[in-house]
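Here are my notes for you, written as numbered points. Keep the structure open while you read, and find each piece as it comes up.

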Amino acid sequence: MTWVGKALARKEDHRLLRGRGRFTADVRRTGLLHAAFARSPVAAARIGAVRAPDTRAVHAVFDAESLGCADVLATLHRPEFVSTPMPVLARDRVRYAGEPFAIVLAEDAYTAEDGAELIAVAQEPLEALASMCAALAGEPIHEGLTANTFLDVFPFEDPDIDRVFADAYTVELEFRSARVAALPMEGRACLAEWDERDEQLVVTVSTQVPHQVRTAIAESLWLPERQVRVLAPDVGGGFGLKCVVGREEIAVAAAAYRTGRAIAWSEDRVENLTASFHGHEQRHLVRAAFDEQGRLLALDADIRCDVGAYSVFPFTSGVEPLMAATELPGAYRVPRYRARARGIATNKPPTAPYRGVSRPQIVAVMEGLMTEAGRVLGIDPVEVRRRNLITEFPYTGVNGITYDPGSYTESLDRCAELLAGEERGPLRGIGFACFNERTGYGTEAFAARKMEFTPGYEIANARMDPSGTVTVITGTSAHGQGHETTLAQVTADRLGLHPDQVRVRQGDTEATPYGWGTFGSRSAMIGGSAVRSAADRLADRIRRIAAHLLEVTEEEIELSDGKALGRDNSITLADLARLSHFQAHRLPKGVEFGLEVQAGFDVSGSGTFSNATHGVVVELDPETGAVRIPRYVVVEDCGTVLNPSIVDGQVRGGVAQGIGAALYERLHYEESGQPEVASLMDYLAPTAQEIPDIEIHHLETPCLFNETGAKGMGEGGTIGAPAAVLNAVNDALSHTGVRISEIPIRAETIQRALEGACTIRT
Amino acid sequence: MHDPHLITITVNGTEHEVLTESRHTLADLLRELGYTGTHLGCEHGICGACTVLVDGVPARGCLVFGVQADGREVRTVEGLADGGELSDLQRAFAEHHGLQCGFCTPGFLMLAEAFLAENPAPTRAEIREVVASNLCRCTGYQGIVDAIEDVAGKRAGAADTGTSRP
């Protein structure tokens, strides 16, 4: 009997369903002050002195000078990258509308907001550079930049590539994706307080990366890390927005340190949309060379990412361009490759690694090229894909990545077969996206990016208490993924326990080993492996003790059903645990005291690739240009499935975000850098009316080099959906001659295309 | 800017006499009273995370002032379970993976609770339409729709065979 693979009900649900979860804003303290931020109304200006309001309602106001924090610095150690500091509160200059320049403290949140509105600052407007074009032509927005490029890199050169294009069929594509918001339902939030007894700043934060928040706060206040404790309680979604450290979080911590008072801040939705972190604003100019059989010969890409005004901690502004350039070839064999990638600084909020990180874009590019090549060469686009997919593993690509075994062709064939009976025609189209997703980047893979802070490994503790129940403590940090359940399943199997006897703890830098948190689809793959290794170590110690007590060899001991079984005798783990703690004189000689172990895990090489094919049927409404999705099929392979209902939930939620990006979501800015989207009236997050039921089929190619066989799968849904939807809409528009290569696909664009092809209406 | 009012509000059957500022929302008032299961997701009436029942009718807790709930009966997510025992609707959300991070969940539960009281035998399309009142960023909605459909079916089945509703 194993627990891994079972659709076990989530351990998290009992509290969350009764409203008994503990989110950051649910934590309260006596004497608590509330913070609000005064933010720049303009996108670019020099600023002078901050004038605090003359009102007794406000307890305190800090500006950059009085708060006294070191700037946040996120660095890549590569010559093509320019490091630029991000002050915790804007000093001398503001670089986007919504940038905080003062923090206001008051007795309640309403009064704090009143106070923030009354704060004045002298401004001398500067020219706002709100688009990549304007930024490339304009004055650098940071000292130290010679142009508005944080990163300008040619990671793959090929001097002969033009000759390949000269003799081949060339398909060109200009693809654009809009700036979008991750939009976790809980915005960012924190509560900071000084604990005099522990001489420690205790900061509760809605974050995916507690240890990295600790580092940022400690470095900003010149404190040793021991003097900062970061707690992540229940976190209401993150999607990458919360895997970087917000300057507001540091400011609140600093204000608590300076005042000695407990201080809380909750981001409102306006701040979340206009002043937190965005993502995915990219423009790709790509050409691909094919032979007449539709085989890809070469790929040449110019990738531009609008990364906003600052480089985020710890990932830097290089994360989107480097990901896009490195991973563009994707699931395909690309013999020759040239790429240039830029992270362009603009007067807009900074970008974070939002779910998918450049993969939704590069998959849309590759799948657009495959579809277009099929059209140009008169070959079925599914067949073009089949001819180019990687089929032999391991495969080392032109990008230096080694791809571990997957089911690329199988997933494509299965998906195509499932949609074979679907009708196509004017207004009704089918689209596919076949892709892989690198998951579980280990230290070596991240080191290739040359980050000052190089994530990768994970550590877990496993501890059996005297009553025989197990606590697993690890540095991954769930925010909806259900780790309390899946990691308990992994542990239970190794120790012969029921998952109810295993408690998983995360989100406390004081309690957990050092960890990198949860992002990049790493937790099951790397964190799960660390947990399994720790559970195995604990099992080894238990076996040794049991063998001594039962007078058999360690190899004869089997852990099952809460017992250690010997030859014809047994001891319950509860009895063994009690004895191990309370009667240590009965333990075998040389065994360590206590039942607590630690194990770490890391992945060498390129990491592991999950893969999937999405197939979607769309119907266009000629009156409104609206897109309806009658059918959506996912055939995915994430290796060993730890918990199928959690995996399916991740796929469905990911697809919903991908459909949102494909059809609705867009953070538009005026030329002056003013945000046009500041509420959910304007930011169209998809509802249950837009998102169809998603049909999911699983293939299983286990990861060969981790402990669980699981590959990451937190982002795949978001990665595949924009490409599949875009291809399906273009298929439905094929009679019009219009091809769309921009997301979100706007209803007006479809309407206009259909009006142009007026014959189809009769 | 102080304008306090003394009001009486009944939450999940418990009467509270409370001094509240005129501009404080019902959601904030409930949270101050300790009913922190009511979450604020947008504070402008779109996301529905703060949905509570006021005299049995779903309302956005962020669009109602606390003072407007004077003399009213309010039901929040904390009032659904019988002690530690989950209601059929809560159980169905767990069984159908209708939640992930759980932040929007209280709003969906209260919405569904009122909807099923009004329309005990909805079609799947009707369920989708109502579920579209609120936003969830994690689940893609399918599990939520499945859960509500399942509860409607089971309650109807229980009514047909004459057993009492759980």
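**Notes on the model**

1. Start with a pair of helices: H10(A) passes H11(A) in a right-handed crossing. One thing to keep in mind throughout is that this is a predicted model. To find the pair, look for residues 359–377 of chain A, which make up helix H10, and residues 381–388 of chain A, which make up helix H11. The axes of these two helices come within 8 Å and cross at roughly 115°.

2. Which residues do the touching between H10(A) and H11(A)? From H10(A) come Met370(A), Thr371(A), Ala373(A) and Gly374(A), and they meet Pro381(A), Val384(A) and Arg385(A) of H11(A). Sorted by class, this contact has four nonpolar residues, two polar ones and one charged one.

3. Now zoom out to chain A as a whole. It has 19 helices and 31 strands, and its C-alpha trace spans about 90 × 70 × 50 Å along the principal axes. Is that what you'd expect from a compact globule, or not? The radius of gyration of chain A is 27 Å, and a compact globule of 762 residues would have one near 27 Å, so the two agree.

4. Staying with the whole of chain A, 60% of its 762 residues count as buried. The chain also brings together stretches that are well separated in sequence: take the contacts between residues at least 6 apart, and 80% of them join residues at least 24 apart.

5. Next, have a look at strand S5 of chain A, residues 100–106. Why call it largely enclosed by the rest of the structure? Because seven of its seven residues are buried. S5(A) pairs in the antiparallel sense with strand S1 (residues 33–39) of chain A over six bridges, and Ala38(A) has Ala102(A) as its bridge partner there. S5(A) also pairs with strand S3 (residues 58–63) of chain A, again antiparallel, this time over five bridges. In that pairing, Ala60(A) is bridged to Leu105(A).

6. There's also an open sheet of three strands in chain A, in the order S4-S2-S6, with antiparallel pairing. Strand S4 (93–94) and strand S6 (120–125) of chain A are at the edges with a single partner strand each, so one side of each has no neighbour in the sheet. Strand S2 (residues 45–51) of chain A pairs with S4(A) over two bridges, and Arg46(A) has Arg93(A) as its bridge partner in S4(A). While you're tracing strands, remember that in a regular strand the side chains alternate between the two faces of the sheet.

7. Here's a single residue to click on: Asp114(A), which sits in helix H3 (residues 109–118) of chain A. Is Asp114(A) buried or partly exposed? It is partly exposed, because 18 other C-beta atoms lie within 10 Å and counting as buried takes 20 or more. Asp114(A) and Pro53(A) are 61 residues apart in sequence, yet their C-alpha atoms are 9.7 Å apart in space.

8. Finally, bring in chain B. Here 45 residues of chain B are in contact with 42 residues of chain A. On the chain B side, helices H2 (88–95), H3 (105–118), H4 (124–131) and H5 (142–160) each supply at least two residues. H2(B) gives the most, with four residues. By class, this side of chain B divides into 22 nonpolar, 16 polar and seven charged residues.

Note on methods. Residues are numbered from 1 along each chain as its sequence is written. Chains are lettered from A and ligands numbered from 1 in the order in which they are written. Axes are lines fitted to C-alpha atoms, for helices over the stretch in contact, and angles run from 0 to 180 degrees between N-to-C directions. A crossing is left-handed if the near helix is turned anticlockwise from the far one by less than a right angle, and right-handed if clockwise. Two residues are in contact if their C-beta atoms, placed from the backbone, lie within 7 Å. Ala, Val, Leu, Ile, Met, Phe, Trp, Tyr, Cys and Pro count as nonpolar, Asp, Glu, Lys and Arg as charged, and the others, Gly among them, as polar. A residue is buried if 20 or more other C-beta atoms lie within 10 Å of its own, exposed if 12 or fewer, and partly exposed in between; C-beta atoms are placed from the backbone. The radius of gyration is taken over C-alpha atoms; the globule rule is 2.2 Å times the number of residues to the power 0.38. Two strands pair if DSSP finds at least two bridges between them.
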